[in-house]
Amino acid sequence: MTVKAKFRCHFIQKAADDSYRIIHLSAVTSDKAGNEDWSKYTPAGDIRMHVSNPAAFGQFEQGGEHFVEFSKAE
């Protein structure tokens, strides 16, 4: 089974030497149309990611929303 959730980027913390970012995300709740399906069963959550790949820095912006899927690693 896979669990899918939507997360919003609330804050991006940049390293002083610009070598990494810490991305802070929180679960999106049913406050917007289209979020009711998944948030009915997964209404809360936080993710904090340390990203050191400069090519990935631009994938996140404050206020942006992203889907996250969880599945068991074999």
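## A salt bridge between two strands

The side chains of Arg8 and Glu65 meet in a salt bridge, with 2.6 Å from N to O. Arg8 belongs to strand β1 and Glu65 to strand β4, so this pair ties together parts of the chain that are 57 residues apart in sequence. The model in which this pair is found is a predicted one.

Is Arg8 buried or exposed? Arg8 has a relative accessibility of 18% and therefore counts as buried, because the cut-off for buried is under 20%. Glu65, in contrast, is partly exposed, since its relative accessible area is 27%.

## A second partner for Glu65

Glu65 also forms a salt bridge with Lys6, and here the closest N and O atoms are 3.7 Å apart. This pair, too, links distant parts of the chain: Lys6 is in strand β1, which covers residues 3–14, and Glu65 is in strand β4, which covers residues 65–70. In sequence, Lys6 and Glu65 are 59 residues apart. Lys6 has a relative accessible area of 14% and is buried.

## The third salt bridge and the network

How many salt bridges does a search of the whole structure find? The search finds three. Besides the two pairs that involve Glu65, there is a salt bridge between Arg21 and Asp18, whose closest N and O atoms are 2.6 Å apart. Arg21 is buried, at a relative accessible area of 10%. Asp18 counts as partly exposed, at 44% relative accessibility.

Which residues are joined into one network by salt bridges that share partners? They are Lys6, Arg8 and Glu65. Glu65 is the shared partner, because it pairs with Lys6 and with Arg8.

## Arg48 in strand β3

Arg48 is placed in strand β3, which spans residues 46–51. Its relative accessible area is 66%, so Arg48 is exposed; the cut-off for exposed is over 50%.

Which residues does Arg48 contact once its neighbours within four places in sequence are left aside? The contacts are with Ile22, Ile23 and His24. For His24, the C-alpha atom lies 4.7 Å from that of Arg48, although the two residues are 24 residues apart in sequence.

## The protein as a whole

The protein has two helices and four strands. Read from the N terminus, these elements follow the order β-β-α-β-α-β. Of the contacts in the protein with a separation of 6 or more, 55% are between residues 24 or more positions apart.

The protein has 74 residues, and 27% of them count as buried. About 5,400 Å² of the protein is exposed, and carbon and sulfur atoms supply 50% of that area.

## Confidence in the prediction

The mean pLDDT of the protein is 87, and 82% of its residues reach 70 or more. Which element has the lowest mean pLDDT, and which the highest? Helix α1, residues 36–39, has the lowest, at 64. Strand β3 has the highest, at 96. Strand β3 is also the place of Arg48.

Methods. Residues are numbered from 1 along each chain as its sequence is written. This is a predicted model: local features need pLDDT of at least 70, side-chain atom pairs count only at pLDDT 80 or more; totals for chains, interfaces and linings use all residues. Side-chain values use heavy atoms; hydrogens and water are left out. A salt bridge is a side-chain nitrogen of Lys or Arg within 4 Å of a carboxyl oxygen of Asp or Glu. Buried means under 20% relative accessible area, exposed over 50%, partly exposed in between (1.4 Å probe, protein chains only). Contact means heavy atoms within 4.5 Å. pLDDT is the predictor's confidence in each residue, from 0 to 100. Accessible areas come from the Shrake-Rupley method with a 1.4 Å probe; for residues, only the protein chains shown count as cover.
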